[in-house]
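Here are a few exercises to work through with the model open in your viewer. Try each task before you read its solution.

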Amino acid sequence: MSSVLAAQSKTAVSALSVDNVSHAYGARIALAEVSFTVAPASFTVLLGLNGAGKSTLFSVITHLYASRSGAVRIFGRDVACESGAALSLLGVLFQQRTLDPDLTVGQNLAYHGALHGIRPRESRARAAGELARVGLADRVHDKVRYLSGGQMRRVEIARALLHRPRMLLLDEPTAGLDIKARADLLEVVRGLVADEGIGVLWTTHLVDEIRDDDHVVVLHRGRVLADDASGSVVRAAGAGSIGEAFRRLTGPVQEEGES
Amino acid sequence: MSEAFIETERPFGWGERVICLYGIVWREGLRFLHQRERFVSALVRPLVWLFIFAAGFRQTLGVSIMPPYDTYVLYEVYITPGLMAMIQLFNGMQSSLSMVYDREIGSMRMLLVSPAPRWFLLTSKLVAGVAVSILQVYAYLVVAYFWDIEPSTWWGYLTVLPALALSGLMLGALGMLLSSLIKQLENFAGVMNFVIFPMFFASSALYPLWRVREGSPWLATACEFNPFTHAVELIRFAFYGQVNWIALGVVAGCTAAFLGAAVIAYDPARGMLMRRGG
């Protein structure tokens with residue numbers, strides 16, 4: 001018990017702390033002693049190729065399943081032991097589109113609000129505010145089907161913020177978006193970090209989304225190869241850019257079976 | 001900002017759970033309204049059995065006086081409880097299909113990141129499916145009424161409701177359990193062949209068990225062990241304002257067993273999801 005308290009006090013400042021997490025599917029190791037933290041009001045990029053273990057890590061953080069060992073805490077709340085408290089502080093954008101295309105934007109948000117125990121009236125008021133934030137206040141009665149890919153992503157951000165999370169998790173949020181939509185989405189999320197003090201973990205394999213002052217975690221074949229400010233990662237690798245640093249860290253191109 | 005922080009720390013109490021349950025049922029209802037084909041096919045399927053199969057069979061298969069009937073009944077009357085259960089069987093399997101689909105498009109994961117306990121989320125999902133299946137059954141009963149199929153008193157429409165709720169829960173829980181085992185959508189054809197057809201045909205839905213026993217004693221025994229038989233009998237007796245206690249016990253027990261197994265299958269630490277990687 002005392003060790004739990006000690007661990008909590010040590011990590012209480014982190015929006016997200018991933019502590020020595022390992023996981024395997026049968027003999028195949030997906031995550032090996034992965035540790036890193038995301039500070040509140042910070043933009044952390046999780047950089048990794050397909051098959052690096054990002055999906056497994058997301059499943060563990062969102063409590064879809066428990067890791068074989070290690071712990072994940074959100075503001076000090078253990079996802080496995082206090083999942084309710086931890087999940088209420090967490091907003092998630094999954095890689096797949098999870099909006100119901102036949103329902104309206106407002107109905108999708110209302111459903112999410114209900115899942116988080118928010119009363120319908122309160123939920124509607126919050127939805128209006130969050131949709132205004134992402135510039136879609138006038139689309140609340142439109143069916144999701146009629147939105148563009150970028151707009152759907154922004155609706156998902158509004159939805160993820162509905163229960164006022166302090167930590168936001170985004171799994172390849174820009175996949176399939178055009179340049180303009182990508183820039184818009186990044187701007188909205190960076191705004192959340194600056195204005196609301198939300199901690200963000202942003203997964204990508206596109207290095208041009210990274211700014212010099214972002215924190216970067218490089219995940220490769222289930223291991224953390226770098227965990228530092230982007231500029232420091234570049235310097236440590238003796239590279240000229242984060243893209244070059246990433247290529248040097250992950251070595252020559254290797255064939256990866258899993259996507 | 002500190003205020004928002006305190007608010008998210010609020011525990012997920014029973015008030016929140018009621019809102020959560022309501023939201024899940026509401027969404028299922030909306031989706032059902034948007035899928036008219038699903039409603040139509042759910043209604044047409046038993047009507048095909050009633051209008052064509054039963055009409056063709058009524059001369060071949062006479063049904064003698066047996067509880068809960070106090071007179072000779074037409075074959076259409078006999079198979080109506082079986083068709084009511086069939087609607088729920090298809091609905092339960094279809095909601096399992098929709099859970100597999102939900103998992104593929106990710107909305108299952110959205111459901112599971114709710115701070116509500118997982119058993120509560122799964123049960124809510126189940127209740128939502130049962131509510132839809134009961135609507136379908138009553139739609140069928142309205143049509144059947146005009147075909148002169150009705151309970152002995154109007155109370156039958158009310159007394160059958162708890163039986164429908166329980167049998168719906170059992171079949172929905174079975175579907176949920178299967179959904180954790182089915183890897184992909186295509187395997188639903190397998191569910192049809194290996195679950196729906198055997199359960200439906202090896203039951204008392206289409207023929208009384210004593211008739212089955214005359215033809216094949218072992219099949220009659222198999223029918224007796226089939227939980228679907230008991231769902232059918234529970235509904236049949238309830239439709240005539242009676243309780244079949246054995247059926248009630250079997251259906252309640254199977255509901256608990258299937259639901260328990262489904263909750264374990266979706267449990268983060270032990271579940272099937274882990275082995276597969278979501």
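What follows is a set of four tasks with worked solutions.

This is a predicted model, where local features need pLDDT of at least 70 and side-chain atom pairs count only at pLDDT 80 or more, while totals for chains, interfaces and linings use all residues. Residues are numbered from 1 along each chain as its sequence is written, and chains are lettered from A and ligands numbered from 1 in the order in which they are written.

**Exercise 1. Find out which elements of chain B have the lowest and the highest mean pLDDT.**

Step 1: pLDDT is the predictor's confidence in each residue, from 0 to 100. Chain B averages 85, and 88% of the residues score at least 70.

Step 2: go element by element. Helix H1 (residues 2–8) of chain B sits at the bottom with a mean of 40, and helix H11 (residues 227–239) of chain B comes out highest at 96. Over residues 1–8 of chain B the pLDDT is below 50.

Step 3: for the model overall, note ipTM 0.84 and pTM 0.85.

**Exercise 2. Work out how many helices and strands chain B has.**

Step 1: take DSSP runs, numbered from the N terminus: helices are H or I with at least four residues, strands are E with at least two.

Step 2: count them. Chain B gives 13 helices and zero strands.

**Exercise 3. Decide whether helix H2 (residues 54–61) of chain A is enclosed or not.**

Step 1: call a residue buried if 20 or more other C-beta atoms, placed from the backbone, lie within 10 Å of its own; 12 or fewer makes it exposed, and in between it is partly exposed.

Step 2: apply that to the helix. Eight of the eight residues of H2(A) are buried, so this helix is largely enclosed by the rest of the structure. Among them are Lys54(A), Phe58(A) and Ile61(A).

Step 3: look just past the end, where His63(A) follows with a positive phi, near 65°.

**Exercise 4. Describe the side of chain B that touches chain A.**

Step 1: count two residues as in contact if their C-beta atoms, placed from the backbone, lie within 7 Å. The contact then takes 35 residues from chain B and 35 residues from chain A.

Step 2: H2(B) supplies the largest share of chain B's side, nine residues.

Step 3: sort by type, with Ala, Val, Leu, Ile, Met, Phe, Trp, Tyr, Cys and Pro as nonpolar, Asp, Glu, Lys and Arg as charged, and the others, Gly among them, as polar. Chain B's side splits into 19 nonpolar, nine polar and seven charged.
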